[in-house]
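Work through the exercises below with the model open. Try each task before reading its solution.

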Amino acid sequence: MRVGVLTGGGDCPGLNAVIRAVVRKAIKEHDCEVVGYLDGWRGLLDDEKIPLDINRLRGTLPIGGTILGTSRFNPFSYDDGPQRILDNIKNAGVDGIIAIGGEGTLSGANEMFTRGLPIVGVPKTIDNDVGATERTFGFDTAVSIATEAIGRLHTTAESHNRVMVVEVMGRHVGHIATWAGIAGGASLTLIPEEPFDIEEVCASITRRHENYGKFASIVVVAEGAKPVEGTIDIGTETYDDFGHIRLGGVANVLGAEIEKRTGYETRVTILGHVQRGGTPTAHDRVLATRYGIAAIDAVADRDWGKMVALQSDRIIRVPLSEAIKELKMVQPELWNVAQQFFA
Ligand code: F6P
């Protein structure tokens with residue numbers, strides 16, 4: 001057999017661990033050759049690929065990013081895109097594709113599957129918002145980075161009696177914000193699932209400062225957090241190739257409003273892509289490795305149109321169509337835990 005691997009969408013710690021596991025088991029157990037397509041769907045469309053073997057993957061387990069490169073390239077923006085992909089894999093003698101990606105890449109994978117591409121998906125994103133799986137790899141690393149940053153902000157906030165607004169990633173969901181908020185001891189966390197009322201945000205900060213004699217607050221905000229309609233304006237939005245919103249900057253508006261309305265000196269930190277860079281945590285290395293092994297097993301079984309997923313600590317296969325049906329939101333139970341610590 002011959003299998004092609006691609007990494008699509010935003011990068012994330014653990015991508016190389018998946019590729020390494022795929023290659024290892026493909027060669028050792030399935031007598032399967034592996035090629036890597038470059039820059040996500042673009043490589044498949046332009047037939048740009050490299051051979052992958054055990055030696056090429058040596059030393060990559062702890063390395064962040066992806067050795068294959070990635071992009072937010074959308075093959076469906078070309079009329080002949082899907083057909084070119086089908087022709088390319090046929091001509092290259094590739095029996096199937098493993099697509100490692102988030103919402104956009106997996107939706108593309110499902111669409112290509114319905115058009116006849118033999119494909120298996122692996123859920124990746126620091127946002128942890130892919131459906132039908134309890135966890136995506138990269139999330140644990142992002143939470144660890146955000147938690148460490150919040151910890152550092154506590155001491156400087158307390159020294160200066162300031163409010164610190166920390167913006168973390170999370171376009172549609174607040175998993176990173178909720179987890180890092182709980183782990184870092186946030187005074188308030190704002191997530192896309194729960195539109196915020198700026199008056200309540202300021203009242204909460206004021207309550208904390210007045211009632212508890214605390215003169216420092218950490219407000220964690222997911223980049224996709226939205227104010228209640230008709231309250232404050234958080235600026236204009238731009239979109240990527242898949243029509244997905246590009247965010248980043250809600251914290252600046254929020255910080256200015258908090259300072260203006262409460263009178264407490266406020267500073268803003270936007271963590272941005274720092275959360276996606278660098279070495280994966282041990283948890284993410286293990287999860288990514290398990291996903292890689294499960295994905296190449298699905299390929300060997302020719303079980304196409306599936307995504308490998310974590311459910312009840314077991315790796316299973318779910319239909320891609322099920323995985324992309326809806327984004328996974330923060331569970332009310334966890335959100336309730338976070339709220340217990342808001343002033
Ligand atoms: O892929 C998830 C994500 O990290 C989002 O949280 C964020 O909005 C987006 O990627 C940023 O993407 P880009 O790398 O295109 O700036």
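**Exercise 1.** Is glycine 43 buried or exposed?

Solution. Start with the cut-offs: buried means under 20% relative accessible area, exposed over 50%, and partly exposed in between, with a 1.4 Å probe and protein chains only. Glycine 43 has a relative accessible area of 0%, so glycine 43 is buried. Next, place the residue: glycine 43 sits in helix H2, residues 41-46. Helices here are DSSP runs of H or I with at least four residues, strands are E runs with at least two, and both are numbered from the N terminus. Then list its contacts (heavy atoms within 4.5 Å). With neighbours within four places in sequence left aside, glycine 43 is in contact with Tyr37, Leu38 and Glu48. Last, take a long-range check: asparagine 128 is 85 residues from glycine 43 in sequence, and their C-alpha atoms are 25 Å apart in space.

A word on the basis of these values. The model is predicted, so local features need pLDDT of at least 70 and side-chain atom pairs count only at pLDDT 80 or more, while totals for chains, interfaces and linings use all residues. Residues are numbered from 1 along each chain as its sequence is written, and side-chain values use heavy atoms, with hydrogens and water left out.

**Exercise 2.** Does the radius of gyration of the chain agree or disagree with that of a compact globule?

Solution. Take the rule first: 2.2 Å times the number of residues to the power 0.38, with the radius taken over C-alpha atoms. For 343 residues, a compact globule would come out near 20 Å. The chain has 22 Å, which agrees. Now add the box: along the principal axes, the C-alpha atoms fill roughly 70 × 40 × 30 Å. Buried residues account for 54% of the 343. Turn to contacts between residues at least 6 apart in sequence: 75% of them join residues at least 24 apart. The secondary structure comes to 12 helices and 13 strands.

**Exercise 3.** Classify the ring pair of phenylalanine 73 and tyrosine 78.

Solution. Rings of Phe, Tyr and Trp (its six-membered ring) pair if their centres lie within 6.5 Å; planes under 30 degrees apart count as stacked, over 60 as edge-to-face and the rest as tilted. The structure holds four aromatic pairs. For phenylalanine 73 and tyrosine 78, the centres are 5.6 Å apart and the planes make 25 degrees, a stacked pair. Check exposure next. Phenylalanine 73 is buried at 15% relative accessible area. Tyrosine 78 is partly exposed at 37%. Now try tryptophan 335 and phenylalanine 342: the centres are 5.7 Å apart and the planes lie at 65 degrees, so this pair is edge-to-face. Both tryptophan 335 and phenylalanine 342 are buried.

**Exercise 4.** Where do aspartate 39 and alanine 132 lie?

Solution. Begin with aspartate 39. Its phi is positive, about 55 degrees, although aspartate 39 is not a glycine. Aspartate 39 is in the loop between strand E2 (33-37) and H2. At 25% relative accessible area, aspartate 39 is partly exposed. Move to alanine 132. Its phi is near 65 degrees, again positive in a residue other than glycine. Alanine 132 lies in the loop between strand E5 (119-123) and helix H6 (139-160). Its relative accessible area is 24%, so alanine 132 is partly exposed.

**Exercise 5.** Which residues does asparagine 110 touch?

Solution. Locate asparagine 110 in helix H5, residues 103-114. Its relative accessible area is 14%, so asparagine 110 is buried. Skip residues up to four places away in sequence; asparagine 110 then touches Leu320, Ser321 and Ile324.
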